[in-house]
Amino acid sequence: MVDIDNCSGADVDKFEEFDLTAVSGAEVQAPLVAECFANIECRVADSSLVAPYSLFLLEAVRAWTDPSQPQPQLFHHRGDSTFTLDGPTVDLQDRMTKWQYLV
């Protein structure tokens, strides 16, 4: 993940370089990544902050998850160049008395 983030798509075909599979999105032209458990298709909603801050405001228009991975192991970027990996799943559904009808 870090290696993918540390290079520019303007210089490297990331799909080829990192052996990723491009999948067509339903709402936008940018490809989804088949190896990812979840993809979010976004459109640029506001580009007025690009010049002063290099910031695009995006609008999520569709979300996708891979149903073949019902319990994927995830890792989370902590924002300080460190990551946290998921641990074991703890099932406490039987204790969810207030919201049991949702389980």
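**A charged trio, a roomy lining and a nonpolar patch**

At 43% relative accessibility, Arg 62 counts as partly exposed. This value, like the others here, comes from a predicted model. Salt bridges with shared partners tie Arg 62 into one network with Glu 27 and Arg 43. In the bridge between Arg 62 and Glu 27, the side chains meet at 3.5 Å, N to O. That pair links distant parts of the chain: Arg 62 sits in strand S4 (residues 57-65), Glu 27 in the loop between S1 and S2, and the two are 35 residues apart.

Glu 27 also pairs with Arg 43, again through a side-chain salt bridge, this one at 3.7 Å, N to O. Here too distant parts of the chain are linked, with Arg 43 in strand S3 and Glu 27 in the loop between S1 and S2, 16 residues apart. As for cover, Glu 27 has a relative accessible area of 36%, so it ranks as partly exposed. Arg 43 is likewise partly exposed, because its relative accessible area is 39%, a value between the 20% and 50% cut-offs. The salt-bridge count for the model comes to two. As a rule of thumb, side chains of opposite charge can pair when their charged atoms come close.

Next comes the empty space. The largest pocket has a volume of about 1100 Å³ and a lining of 31 residues. Nearest its centre lie Met 1, Val 33, Cys 36, Ala 38 and Asn 39. By residue type, the lining breaks down into 20 nonpolar, six polar and five charged residues. Several elements chip in with at least two lining residues each: H1, helix H2 (14-17), strand S2 (32-33), strand S3 (38-46) and strand S5 (75-77). Of the contributors, S3 gives the most, with seven residues. Strand S3 thus turns up twice, since it also holds Arg 43 of the salt-bridge network.

Met 1 turns up twice as well. Besides lying among the residues nearest the centre of the largest pocket, Met 1 belongs to a nonpolar patch on the surface, together with Val 2, Phe 75, Phe 83 and Leu 85. Together these five residues offer about 510 Å² of accessible area. Met 1 is found in the segment before helix H1 (2-5). With a relative accessible area of 61%, Met 1 is exposed, and patch membership asks for over 30%.

The loop between H2 and strand S1 (22-23) is home to Phe 18. Phe 18 is partly exposed, as its relative accessible area is 26%. In sequence, Phe 18 and Asp 3 are 15 residues apart, yet in space the C-alpha to C-alpha distance is 8.8 Å. Asp 19 is placed in that loop between H2 and S1 too. The backbone at Asp 19 has a positive phi of about 55°, although Asp 19 is not a glycine. Asp 19 is exposed, with 66% relative accessible area.

Ser 54 is another non-glycine residue with a positive phi of about 55°. Its place is the loop between helix H3 (50-53) and S4. Ser 54 counts as exposed because its relative accessible area is 63%, and the cut-off for that label is over 50%.

Notes
Residues numbered from 1 in each chain as written. Predicted model: local features only at pLDDT ≥ 70, side-chain atom pairs only at ≥ 80, totals over all residues. Heavy atoms only, no water. Patch = residues over 30% accessible without salt bridge, like charges linked within 9 Å, V, L, I, M, F, W, Y side chains within 5 Å. Areas by Shrake-Rupley, 256 points an atom, 1.4 Å probe, with all protein chains shown as cover. Salt bridge = Lys/Arg side-chain N within 4 Å of Asp/Glu carboxyl O. Helix = DSSP H or I, 4+ residues; strand = E, 2+ residues; numbered from the N terminus. Buried < 20%, exposed > 50% of the residue type's maximum accessible area, 1.4 Å probe, protein only. 1 Å grid on protein atoms, 1.4 Å probe; cavity = no way out; pocket = protein on both sides within 12 Å on 5 of 7 lines; lining within 4 Å. Points joined across faces, edges and corners; volume = space filled by probe spheres on them. Nonpolar A, V, L, I, M, F, W, Y, C, P; charged D, E, K, R; others polar.
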